[in-house]
Structure formats: C-alpha cells, structure tokens
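Colleague: I am new to this structure and would like a close look at one part of it. Please take me through a group of linked charged side chains, and say how open to the surroundings they are.

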Amino acid sequence: HIKKDPGYKVYDEGKAKGYFVRTKDGAEYDGWCWPGASVYLDFTSAEVREWWASRFSYEHYVGSTPDLYTWNDMNEPSVFDGPEITMPPTLLHHDAAGRAYEHRELHNMYGLLMSMATMDGHKKAYPARRPFVLTRAFFSGTQRYAAVWTGDNKASWAHLAASTPMLLALGRGHPLRRRRRGRLLRQPDHRAARALVPGRCLPPLPARARRVQDQAARALALRR
C-alpha cells in the first residue's frame, strides 16, 4: 500500500497514471493501513509491475544503497477498515489488455505479483549482487521471487505449537520460510519466552543447522 498524500511523489505519479485498484464505479479505492489513508497498486497489470520495479533504482529510491533488501509486509493486501481486514471482493483490477477482474478472483495472487515486481526491481537496480525479497503474502510460485514469513503471532505456547506444522507444510514448495519471534498481542511467561526465541531459529531462514535445533529442543523441554 502507498500513503494517499497529495504531494508525495510516489502517490502523485501512480495516481496520474491510473495505477491503483478501483471501485466498481471507477473511483480510486483507499483503505486504512499503517500510513493512514492508503491506496493499493494494481499489480495485475504488467505496466504497473514494471513501474513498481523501476522505483528501486538509485534515481527514484532516495537513500538507497547497494545493501538494500526488501520486506514486503501487509501485502495480502491488509486493509484495517476493510471486510475481514482486506479489500472488498468487488474491487476491480485490470490487466494489460484492459480486462477487468474482481478482487475476489485475484486475492491470493496479490502478494505473488508484488513479489515478482519487487524481485525484478532488485535485479535491475543491483545487477552485481544477489537480490533478497521477503514477503508475508504468497501463492504458488512465490518461491521463485521471495522468501516467506508467516505473519504476526502471539507469544504463546499455542502459537508456538501451531507454527512448526505450518512451516513444514510450506516447506513442500517454499524452502525459505520463517515464523515470527512471538512478541505481539501477549506478554509471555519466562518459560515460553525461553522456548520462543530458539524455536524461531529452527526454520531455514537463516539456516543454522543442528546446533540451533539442539538448543530449541532443550528449550522446549523446559515446559515439561
């Protein structure tokens, strides 16, 4: 999402080009997310993806360096005041030929298309080094463009127990995946905190091999 702020260069250019998701009556859709009022790029269009990729160049990304890597967060897309905290299903996306699709048809692909464009931008902006993109939303094929993390969680035993099967299931197609260190929504007791930190190191992002697995096993044993 992009902050809806007249005078903000990224918003002004995207608006002028008509690059944002629209309502059924053709109006620019805006929802509420971390920047406040926000708009959402229509990554269904190859032209929009190419434009987003170009934003990573030194010319456009003020303050960028050769060490830049990107974390695409809240890209389900997340809309705090939307139905089920995402976009209304009747919003319209348009492909390169101008064909319209309701959001309900493309929702699961939004994060994938954003990752594709972000990876393309990294390759063009930093050709001398290997790019890295991390995404929260994903779909089949995302593993070609980004590593995956599983989103916000509670610092609780229940979420720790659920995270491992989730990551194992993701491992069928997404080898680089990660859970979040439990810290949101709840303060853990000291035993849970000691288990959550090494438990976070188990997945292969980064790979820490057998030593970390042994540490996690010992930490989990503290609960018994």
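Modeller: Lys-4 is a good place to begin; in this predicted model the residue counts as partly exposed, at 30% relative accessibility. Lys-4 forms a salt bridge with Glu-28, and the closest N and O atoms of the two are 3.7 Å apart. Lys-4 sits in the loop between strand 1 (2-3) and helix 1 (9-17), while Glu-28 sits in the loop between helix 1 and strand 2 (30-33), so this pair ties together parts that are 24 residues apart in sequence.

Glu-28 itself is buried, because its relative accessible area of 14% falls under the 20% limit. Glu-28 also meets the side chain of Lys-15 in a salt bridge, at 3.6 Å from N to O. This second pair likewise links distant parts of the chain: Lys-15 belongs to helix 1 and Glu-28 to the loop between helix 1 and strand 2, 13 residues apart. Lys-15 is partly exposed, with a relative accessible area of 44%.

The group also includes Asp-30: Lys-4, Lys-15, Glu-28 and Asp-30 are linked in a network of salt bridges. As a general point, side chains of opposite charge can pair when their charged atoms come close.

The structure holds ten salt bridges. One of them, away from this group, joins Asp-120 to Lys-124, with the closest N and O atoms 3.1 Å apart. Those two residues are four apart in helix 4 (residues 110-125), so about one helical turn separates them. Asp-120 counts as partly exposed at 28% relative accessibility, whereas Lys-124 is exposed, with a relative accessible area of 53%.

Note on methods. Residues numbered from 1 in each chain as written. Predicted model: local features only at pLDDT ≥ 70, side-chain atom pairs only at ≥ 80, totals over all residues. Heavy atoms only, no water. Salt bridge = Lys/Arg side-chain N within 4 Å of Asp/Glu carboxyl O. Buried < 20%, exposed > 50% of the residue type's maximum accessible area, 1.4 Å probe, protein only.
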